[in-house]
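Me: Hey, got a minute to walk through a model with me? I'd like to go through helices, rings and empty space.

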Amino acid sequence: MNTTSSLPLPSEPRDQARRDYGTISLIGLAHGTSHFFHMLLVPLFPAFRQEFGFSYSELGLLVTTFFVISGVGQALAGFLVDRTGARPVLFAALASFVLASIAAGTATGFSGLMLAAALAGLGNAPFHPVDFTILNKRVSQPRLGHAFSVHGITGNLGWALAPVFSIGIAQATGHWRYAYLGTGLVALAVLLLLFWQREAIDDRQGSWGHAKPAPGAKQEHPMAFLRLPSVWLCFSFFFFTTAALSAIQSFASPALGKMYGLPLSITAYVVTGYMLCGAAGMVLGGFLVAKVERLERTIAAAMAAAAVLLLLTASGILPPLVAAAATALAGFGTGLAGPSRDMLIKRAAPPGATGRVYGTVYSGLDVGFALAAPIFGALLDRGYASGVFAGSALALGLGIASAGLVGLRVVNMRRAAAA
C-alpha cells in the first residue's frame with residue numbers, strides 16, 4: 001500500500017512490522033489501564049456500603065459522575081487531539097488517574113468518592129480519540145484489524161483485572177484504602193513506561209494514507225462530520241451496548257446473589273469472567289474482520305447469542321452456578337463483535353477526522369454508562385434483580401438494530417462512490 005508521511009517510514013517489511021507491533025502493544029497497555037480505572041470504585045462498592053451506609057442508587061451516581069465527565073470530555077478531546085496531537089493528551093490522562101487514586105484512598109465520605117470519580121472520568125475522557133488516532137496514523141493497513149482486536153482485548157483485560165486487584169489488596173491488607181495505593185502505582189508505572197517509549201506513540205510520525213484525506217480533496221468544516229447519520233447511528237450503538245455492559249459490570253454480582261443465593265466469593269468474579277470471555281471473543285473477532293465484508297452481520301450474530309444467555313439468567317430457571325457461568329460466557333459474544341464494531345466505525349468515518357469521529361462516537365459509551373448505572377441500581381434497590389439481566393439483553397437487541405443501520409449506510413456510501 002502506498003503511504004505518505006512527514007517523516008521517513010521504515011522501508012523494510014520487518015522494520016515496518018516491528019514498528020506496528022510496538023505501537024499496538026503500548027496503546028493496548030494504555031487502553032487496558034483506562035478500562036482498569038473504569039473499575040476504580042465499583043469492585044469496592046460493598047466496602048463503601050459497609051463503612052458509609054450508601055444505597056446502590058447512590059453508588060450508581062458515582063458511576064454516573066465518572067461517565068458524564070468522561071463523555072463530555074471525550075467529545076471535546078477528539079477536537080483537541082486532532083489539533084494538538086494525541087501523545088501529550090495521553091500523558092495528562094494517566095496523570096489524572098494517579099490523582100484519582102489519591103482522592104479515593106483518602107476519601108472520608110461521598111464527596112471524596114465523587115472527587116475520585118470525577119478525576120478518573122477526566123483521565124478516561126481522551127483515551128479513545130487518542131488511541132485510535134495513534135493506531136490509524138502509525139499502524140499499516142494489513143495489521144489495522146489486529147490492532148483494533150488487541151485494543152479491545154486489553155480493554156477487557158483491564159476490566160477483568162481491576163476487581164481481582166482491588167479486592168485482593170483490600171482482603172490481604174484488611175482495609176480497602178490500601179487498594180488505592182496499588183492503583184496509583186499502576187497508573188504511575190504505565191505513565192513512566194509510555195514516556196520512556198514515547199517515540200513509538202508519536203502520532204506526528206507515520207501518517208499512513210488510510211488515515212488522510214485524498215490529495216486535492218475539498219477541506220470541510222471541522223464540524224461537518226456531525227451531519228453524517230452514520231456517526232449518530234454509531235453513537236446509538238455504543239449507547240445501547242454500553243448500557244448492557246453497565247448492568248453486568250456494576251450489578252451482576254449482587255443481582256446473582258439476590259436471585260440465586262450465590263455468595264460474594266463467587267459472584268465477585270463473574271465480571272472478571274465476563275471480561276476474560278470478552279477478551280477471548282476479541283481474539284477471534286480480530287481474524288473475522290479481515291474475512292467478513294458485512295461486519296454488521298458478525299455483530300448481530302455475536303450479540304444475539306449474548307442476549308440469549310442473559311435472558312436465560314434473568315428467567316431464574318438455571319442452576320445457580322450455571323447462571324453465573326452463563327453471565328460470564330455472554331462476554332464472549334460481545335467481545336467477538338468488538339473488532340468488527342471498531343472497523344465499521346472506521347468505514348463510516350470521513351478521512352482526516354479520526355479523533356473527532358471516535359471522540360463523538362465513543363462518548364456514546366460514556367452516556368450509556370452514566371444513564372444506565374443509576375437505573376439498574378434503582379431496580380436492584382427495589383428488588384428487581386432479574387431486571388439487571390433482562391434489561392441488559394434488551395439493550396443488546398437495540399444495539400444490534402443500530403449496527404445493522406450503520407452497515408446499510410456504509411454499503412450505500414460505497415455504491416454511491418462507485419457509481
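Reply: Sure, we can take the helices to start with, then aromatic rings, then cavities and pockets. Keep in mind that this is a predicted model.

Me: OK, how long is H9, in residues and in Å?

Reply: H9 covers residues 229-260, which is 32 residues. From its first C-alpha to its last it reaches 43 Å, close to the 46 Å expected at 1.5 Å a residue.

Me: Where's the kink in H9, and how big is the angle?

Reply: The kink is at Phe 251, at about 70°. The proline Pro 254 comes shortly after that point.

Me: And what follows the helix at residue 260?

Reply: Gly 261 follows H9, and its phi is positive, near 70°.

Me: Is H9 mostly covered or mostly open?

Reply: Mostly covered: 25 of the 32 residues in H9 are buried. Take Ser 230, which lies in H9. Ser 230 counts as buried because its relative accessibility is 2%, and the cut-off for buried is under 20%.

Me: What separates Ser 230 from Leu 408 in space?

Reply: Their C-alpha atoms are separated by 9.4 Å, although Ser 230 and Leu 408 are 178 residues apart along the chain.

Me: Switching helices. How many residues of H6 are buried?

Reply: Eleven of the twelve residues in H6 are buried. Among them are Phe 127, His 128, Asp 131, Asn 136 and Arg 138. H6 runs over residues 127-138 and reaches 16 Å from first C-alpha to last, close to the 16 Å expected.

Me: What about Gly 331, where does that sit?

Reply: Gly 331 is in helix H13, residues 320-348. With a relative accessible area of 0%, Gly 331 is buried. Gly 331 and Asn 156 are 175 residues apart in sequence, and their C-alpha atoms are 9.4 Å apart in space.

Me: And Tyr 178, buried or exposed?

Reply: In between. Tyr 178 counts as partly exposed because its relative accessibility is 48%, and partly exposed falls between 20% and 50%. Tyr 178 is found in helix H8, residues 177-196. Thr 106 is 72 residues from Tyr 178 in sequence and 9.9 Å from Tyr 178 in space, C-alpha to C-alpha.

Me: On to rings. How many aromatic pairs does the structure hold?

Reply: There are 15 aromatic pairs in the structure. Ring pairs also link Phe 45, Phe 48, Phe 52, Phe 54, Phe 110, Trp 176 and Tyr 180 into a cluster.

Me: Which ring does the charged end of Arg 198 sit over?

Reply: That would be the ring of Phe 195, with the charged end of Arg 198 at 4.4 Å from the ring's centre.

Me: Now the empty space. How many cavities of 30 Å³ or more are there?

Reply: The count comes to three. The second largest cavity holds about 90 Å³ of space. It is lined by 13 residues, and the closest to its centre are His 38, Leu 41, Val 42, Val 63 and Phe 66.

Me: Which helix gives the most to that lining?

Reply: H3 does, with four residues. Helices H1 (13-38), H3 (56-84), H5 (110-124) and H9 each supply at least two residues of the lining of the second largest cavity.

Me: Last one: what volume does the largest pocket have?

Reply: The largest pocket has a volume of about 620 Å³. Of the 32 residues lining that pocket, the closest to its centre are Pro 43, Leu 44, Pro 46, Ile 167 and Leu 264. H9 turns up here too: H2 (45-52), H7 (144-173), H9 and H10 (264-267) each supply at least two residues of the lining of the largest pocket.

Terms used. Residues numbered from 1 in each chain as written. Predicted model: local features only at pLDDT ≥ 70, side-chain atom pairs only at ≥ 80, totals over all residues. Heavy atoms only, no water. Expected span 1.5 Å × (residues − 1). Bend = angle between axes of the 7 residues up to and from the residue. Buried < 20%, exposed > 50% of the residue type's maximum accessible area, 1.4 Å probe, protein only. Phe/Tyr/Trp six-rings, centres within 6.5 Å; stacked < 30°, edge-to-face > 60°. Lys NZ or Arg CZ within 6 Å of the ring centre and 35° of its normal. 1 Å grid on protein atoms, 1.4 Å probe; cavity = no way out; pocket = protein on both sides within 12 Å on 5 of 7 lines; lining within 4 Å. Points joined across faces, edges and corners; volume = space filled by probe spheres on them.
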